Amino acid sequence: MAALDQLIDALRKLPGVGPKSAQRMAYHLLQHDRLGAQQLAAGLTEALARIQTCTRCHSFAEAPVCAVCSDGTRDPALLAVVETPADQAVLERSGSYRGYYFVLGGRVSPIEGRGPKDIGAEALLHRATDGLVREVILATSFTAEGEATAYLLGEALKAQGLKVSRLARGVPVGSELEFVDLGTLAHALADRR
């Protein structure tokens, strides 16, 4: 059953999918949802053929320049730096940001041997110093790697005379204090306004 093993191995490439989950998915698709399996295969094939990287922000696009970068109603003075296209999508869904983006495609990780050059720091500096950008918002994650990335990029951007800000951290809306982790609570107190 080489074809089945190949399918299971392919499904294991998805984040968070281990061998047992991949096997369950493969069996489900083949036994109960062959139409879904065909749609998945067609969707992946189509996406791989049509989706590329935007030449301006490095997010996903079906044209050389994505719809966000082509939108002339956005504020050209604001540039949000995110790690992934998924992070950009989350900011867009919030409806609270009307500037442009730059997608790094990852974050600095000395353990994995990834430095500023590996995440497009030079391209970011070129984009941010186009004469229109006035503020760069570092919207990287609040992990050790995300913080290191924000620090390194922030220093380089400040050296270019740009205003650099960072997303605020704090207690999530709708949460109860007793269930908030201590690190988040400490940052919320330190960054209170």
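Visitor: What pattern does the protein chain follow when read along the sequence?
Guide: Going along the sequence, you get α-α-α-β-β-α-β-α-β-α-β-α-β-α. That comes to eight helices and six strands in the protein chain. Keep in mind that this is a predicted model.

Visitor: Why is the protein chain called more spread out than a compact globule?
Guide: Set the value against the rule. The globule rule gives 16 Å for 193 residues, while the radius of gyration here is 20 Å, well over that, so the protein chain is more spread out than a compact globule. As for the box, the C-alpha atoms fill roughly 60 × 45 × 35 Å along the principal axes.

Visitor: On to helix pairs. Why are H6 and H7 called oblique to each other?
Guide: Helix H6 (residues 121-128) and helix H7 (residues 144-158) pack at an angle of about 40°, with 11 Å between their axes. Angles under 35 degrees would count as roughly parallel, and roughly perpendicular runs from 65 to 115. About 40° fits neither class, and H6 and H7 are therefore oblique. Their crossing is right-handed.

Visitor: Which residues make that contact?
Guide: H6 brings Ala-121, Leu-124, Leu-125 and Ala-128, and H7 brings Leu-153, Ala-156 and Leu-157.

Visitor: How do you know which classes the residues in the contact of H6 with H7 belong to?
Guide: Ala and Leu both count as nonpolar, and the names in this contact are Ala and Leu. The tally is seven nonpolar, no polar and no charged residues.

Visitor: What angle do helix H2 and helix H3 pack at?
Guide: About 115°, with the axes of H2 (residues 19-32) and H3 (residues 34-50) 5 Å apart. In the contact, Leu-29, Leu-30 and His-32 of H2 meet Arg-34, Gly-36, Ala-37 and Leu-40 of H3.

Visitor: What makes the contact of H2 with H3 divide the way it does?
Guide: Leu and Ala count as nonpolar, Arg as charged, and Gly falls among the polar ones, as does His. The split is four nonpolar, two polar and one charged.

Visitor: What does UniProt list for residues 54-69?
Guide: An unreviewed UniProt entry gives "zinc finger region: C4-type" there. In the model, residues 54-69 are 19% helix and 12% strand, and the end C-alpha atoms sit 8 Å apart.

Visitor: Which residues does UniProt list for "domain: Toprim"?
Guide: Residues 77-172, again from an unreviewed entry. Over residues 77-172 the chain is 34% helix and 20% strand, with 28 Å between the end C-alpha atoms.

How values were computed
Residues are numbered from 1 along each chain as its sequence is written. This is a predicted model: local features need pLDDT of at least 70, side-chain atom pairs count only at pLDDT 80 or more; totals for chains, interfaces and linings use all residues. Side-chain values use heavy atoms; hydrogens and water are left out. Axes are lines fitted to C-alpha atoms, for helices over the stretch in contact, and angles run from 0 to 180 degrees between N-to-C directions. Helices (H or I, at least four residues) and strands (E, at least two) are DSSP runs, numbered from the N terminus. Angles under 35 degrees count as roughly parallel, over 145 as roughly antiparallel, 65 to 115 as roughly perpendicular and the rest as oblique. A crossing is left-handed if the near helix is turned anticlockwise from the far one by less than a right angle, and right-handed if clockwise. Contact means heavy atoms within 4.5 Å. UniProt positions are given in the numbering used here, feature names are shortened, and annotations may be inferred rather than shown by experiment. The radius of gyration is taken over C-alpha atoms; the globule rule is 2.2 Å times the number of residues to the power 0.38.
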